[in-house]
Amino acid sequence: HMDIVFGRYASILIAYVISLAVSLVVVVGFTLYHGAAFDPINLLFGVCFSLLLFTLIMGVQIPLNFKLGYTKARFISLIPLYIILIAVVLPMFLFAWVNAFAFIFENQALLIPVFAIVSVLLLVLSYRLSLLAYKKRR
C-alpha cells in the first residue's frame, strides 16, 4: 500500500521540483538580462508561496483520488483549485484586501518559514490521509 501512495506523491513532487527549477532559471535569466535588481528574499518568498499553493491543491486532490477513485474524484478534485484561484483573484477586486496584501509583501521574510512549515505539515497530513484512504479501498 505504501509503495503506491508514495509513488504517487514522489512523482508529483518530482514534477513540481522540475517545473519550479525551470521557472527559477527563466525568472533569474530575465532578471539578469534586463539588468533589474535581483532580490533573493522576493524569489524565496515566491518559491515558498508556490509550494504552499501546490500543497494546498495536491493535499486535497490526492487523498480524494485514493478515497473515491480517479473516475469519481476527477471533478471533485478541481474544487480546491477553483477555491484557491477565487481566493487569489477575488481580493484583487476588493479594496478591503489591500491591507492584507500590504502586510504580506512587507513581511515576506517572516512568512517564508511559515509557508514552508505549513506546506510540509500539509504534505505529511495529506500523505497519511491518502494511506488511510487507500487501505480502506483495498
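This passage describes the overall build of the chain and then follows its opening helix, H1, to its partners.

In this predicted model, the secondary structure consists of six helices and zero strands, so the pattern along the sequence reads simply α-α-α-α-α-α. The C-alpha trace spans about 55 × 35 × 25 Å along its principal axes. Of the 138 residues in the chain, 27% are buried. Contacts reach across the sequence as well: among those between residues at least 6 apart, 78% join residues at least 24 apart.

Helix H1 is a good place to begin a closer look. It covers residues 2-33, which makes 32 residues, and from its first C-alpha to its last it reaches 46 Å, close to the 46 Å expected at 1.5 Å a residue. Val-5, Tyr-9, Tyr-16, Leu-20 and Thr-31 are buried in H1, and the buried residues of this helix pack against helix H2 (40-68) and helix H6 (108-137). Just after H1, Gly-35 adopts a positive phi of about 70°.

The pairing of H1 with H2 can be described in some detail. Their axes lie 11 Å apart, and the two helices pack at an angle of about 155°. Angles over 145 degrees count as roughly antiparallel, and H1 and H2 are therefore roughly antiparallel to each other. Their crossing is right-handed. On the H1 side, the residues in contact include Ile-4, Val-5, Tyr-9, Tyr-16 and Leu-20; on the H2 side, Leu-43, Val-47, Phe-54 and Phe-66 are among them. Sorted by character, the residues of this contact comprise 18 nonpolar, two polar and one charged.

Definitions and conventions: Residues are numbered from 1 along each chain as its sequence is written. This is a predicted model: local features need pLDDT of at least 70, side-chain atom pairs count only at pLDDT 80 or more; totals for chains, interfaces and linings use all residues. Side-chain values use heavy atoms; hydrogens and water are left out. Helices (H or I, at least four residues) and strands (E, at least two) are DSSP runs, numbered from the N terminus. The expected span of a helix is 1.5 Å times one less than its number of residues. Buried means under 20% relative accessible area, exposed over 50%, partly exposed in between (1.4 Å probe, protein chains only). Contact means heavy atoms within 4.5 Å. Axes are lines fitted to C-alpha atoms, for helices over the stretch in contact, and angles run from 0 to 180 degrees between N-to-C directions. Angles under 35 degrees count as roughly parallel, over 145 as roughly antiparallel, 65 to 115 as roughly perpendicular and the rest as oblique. A crossing is left-handed if the near helix is turned anticlockwise from the far one by less than a right angle, and right-handed if clockwise. Ala, Val, Leu, Ile, Met, Phe, Trp, Tyr, Cys and Pro count as nonpolar, Asp, Glu, Lys and Arg as charged, and the others, Gly among them, as polar.
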